[in-house]
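Trainee: I would like to learn how to read a model like this one. Could we go feature by feature?

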Amino acid sequence: MALRMWASSTANALKLSSSASKSHLLPAFSISRCFSSVLEGLKYANSHEWVKHEGSVATIGISDHAQDHLGEVVFVELPEEKSSVSKEKNFGAVESVKATSEILSPISGEVIEVNTKLADSPGLINSSPYEEGWMIKVKPSNPAELESLMGPKEYTKFCEEEDAAH
Amino acid sequence: MVGFKNRFMLMEVYLDPDKDLLGEGTPVILTKLNLSEAIKDSILVNFGECGLASCLGSFHVAYVNPVTKLCIVRSSRDEHRRVWSAMTLVRSVGNCPVVFNLLDISGCIRACRDAALKCETDKFNQSGKGLSEEEIREMNRKMRTPRTLEVWKLGTVNYLKSLKLQDKLVSERKANRIPDTLLSLQHPPTYTLGKRRTDHNLLIPEAELKSIGAELHYTQRGGDITFHGPHQAILYPILSLRSIGFGARSYVEALERSMIEFSSLYGVKARAGNKCETGVWVGDRKIGAIGVRISSGITCHGLAFNIDPDMKYFEHIVPCGIADKEVTSLRRETDAQLPSEEVIHEQLVTCLAKVFSYDDVVVKEDPSAILNTLEDDD
């Protein structure tokens, strides 16, 4: 089971076969040894969440690397609109393979929108972690926090080191 | 005893094989990362994706000494020849041409560590050159500290108390005040629900629970409804996922493997569940359940293995939300004489420690030490 997953990820990364799962991602991604994709234009936290900052709205979700290590997501718990989130504090949880994992917010701010589709289709996090699988939209209270997050190249290296270290 | 076999290979790396250097002026600094990448690339080139995938499970560069150029590589026993040949075929690390030479293979890291120490001592004695203070400090830092698992044997513990204890241990582990810890215990008859609060899977009204001598608790763990009771072995590992290098899925798979290994001690052929049926099964009957919570990278809750619990309690729930499958126990699956529960718990702990590659298991026999501290916080 795990063998097949690795083999198909390898095949995918080396472009030796066309497996459906990753083919719809945007073209700008970097192949890393951890065989998961990292999108340009986003910032990343070392707890594997991503932030997309557009004007006064920041969208938050979890990275491809994170969803790959979690397994199939069956349940997502998200905060309510108008609640506040703080940097590096947990704002919700995902359940996969009998394990609930907390999600930490990369920035602080007020929640202005929550992805309600995730209640019925939690699997969107696995199939589209950067697009349909977004979790919350936040109005950042301290835009300077974004500076301390990692860019795509740094994050790719971070994942590689984490995976290679064990 | 337990069947999760590895081989540890002690390799010497010759850099730029024409020259013979010790310490200074080396063209590339050997690190776990660049060695591991070079070896994996070699496996991929020589054995293909399938070969790489089959070796990756247990492959790990355990130790690298950039000064003496010795490294210890772990591989599963079944794949070690493949990894060995791939290492022999490695042509370069980074931009520097290298040659790998195997010095020793052993089945446990201790023997390999001893062989490595011996080689390194010989090298230093031969080189006739002392190491500077700086280099000695560098070396000591690189020596991997052995990974220890602290095990608390707690006997029968009330469920709420165990939740409080786990919360406390999780914050201690997060603050790095304690090492990876494992709680080995049992509960009085208790039904528990996970984060999804699937109480529709409880088939008797809550009010009746007291009459059958059971409690009900809602928790933050993953998973559906389950029953815990006497003669069911429960393990709650409080581990830092980052320090063991696992993600949620691989952690749960390792918990499944621990229970499968343990079952095999009694000749019971258990298997991991299919997709969406996490747990450990014998045929179509569930023998082990898993429900885990991960908070800030630290695990809590864990696994429950049925040794010989009162199966009637399972009739009051749809166990784990799976309606058409039975629940079974070790007692039901084997005719073998079962040893005392104390021994069984120890065996289960040993299986888990092996699967998670702990070097040392330290057993703490005095449960009052941590249980009593909870009273103070009340």
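Mentor: Start with exposure: buried means under 20% relative accessible area, exposed means over 50%, and partly exposed lies in between (1.4 Å probe, protein chains only). By that scale B:Ser296 is partly exposed, with a relative accessible area of 30%. Keep in mind that this is a predicted model, where local features need pLDDT of at least 70, side-chain atom pairs count only at pLDDT 80 or more, and totals for chains, interfaces and linings use all residues. Residues are numbered from 1 along each chain as its sequence is written, chains are lettered from A and ligands numbered from 1 in the order in which they are written, and side-chain values use heavy atoms, leaving out hydrogens and water.

Trainee: What is the sign of phi at B:Ser296, and where does this residue sit?

Mentor: Most residues other than glycine have a negative phi. B:Ser296 has a positive phi of about 55°. It is found in the loop between β14 (285–295) and β15 (298–306) of chain B. Helices (H or I, at least four residues) and strands (E, at least two) are DSSP runs, numbered from the N terminus. B:His231 also has a positive phi, near 70°. That residue is in the loop between β10 (226–228) and β11 (232–238) of chain B. B:His231 is partly exposed, at 39% relative accessible area.

Trainee: How many residues does each chain bring to the contact between chain B and chain A?

Mentor: Contact means heavy atoms within 4.5 Å. Chain B brings 41 residues and chain A brings 35.

Trainee: What area is buried there?

Mentor: The size of an interface is often given as the accessible area lost when the parts come together. Buried area is counted with a 1.4 Å probe and summed over both parts. Here it is about 3200 Å², and carbon and sulfur atoms give 56% of that. B:Glu49, B:Lys195 and B:Arg249 supply 20% of the area that chain B buries against chain A, more than any other three residues.

Trainee: How many salt bridges cross the interface of chain B and chain A?

Mentor: Side chains of opposite charge can pair when their charged atoms come close. The rule asks for a side-chain nitrogen of Lys or Arg within 4 Å of a carboxyl oxygen of Asp or Glu. It finds four across this interface. One of the salt bridges joins B:Lys195 to A:Glu77, with the closest N and O atoms 3.2 Å apart. This pair runs from the loop between β8 (190–193) and β9 (215–218) of chain B to strand β4 (residues 73–77) of chain A. B:Lys195 counts as buried, at 11% relative accessibility, whereas A:Glu77 is partly exposed, at 33%.

Trainee: Which strand of chain A pairs with β14(B)?

Mentor: Two strands pair if DSSP finds at least two bridges between them. Strand β7 (residues 99–104) of chain A pairs with β14(B) in the parallel sense, over three bridges. In this pairing A:Ser101 stands opposite B:Ile294.

Trainee: What does the salt bridge of B:Arg285 and B:Glu333 tie together?

Mentor: The closest N and O atoms of B:Arg285 and B:Glu333 are 2.8 Å apart. B:Arg285 lies in strand β14 and B:Glu333 in helix α8 (residues 330–333) of chain B, so the pair ties together parts that are 48 residues apart in sequence. B:Arg285 is partly exposed, at 28% relative accessibility. B:Glu333 is partly exposed too, at 22%.

Key. Buried area = accessible area lost by both parts, 1.4 Å probe.
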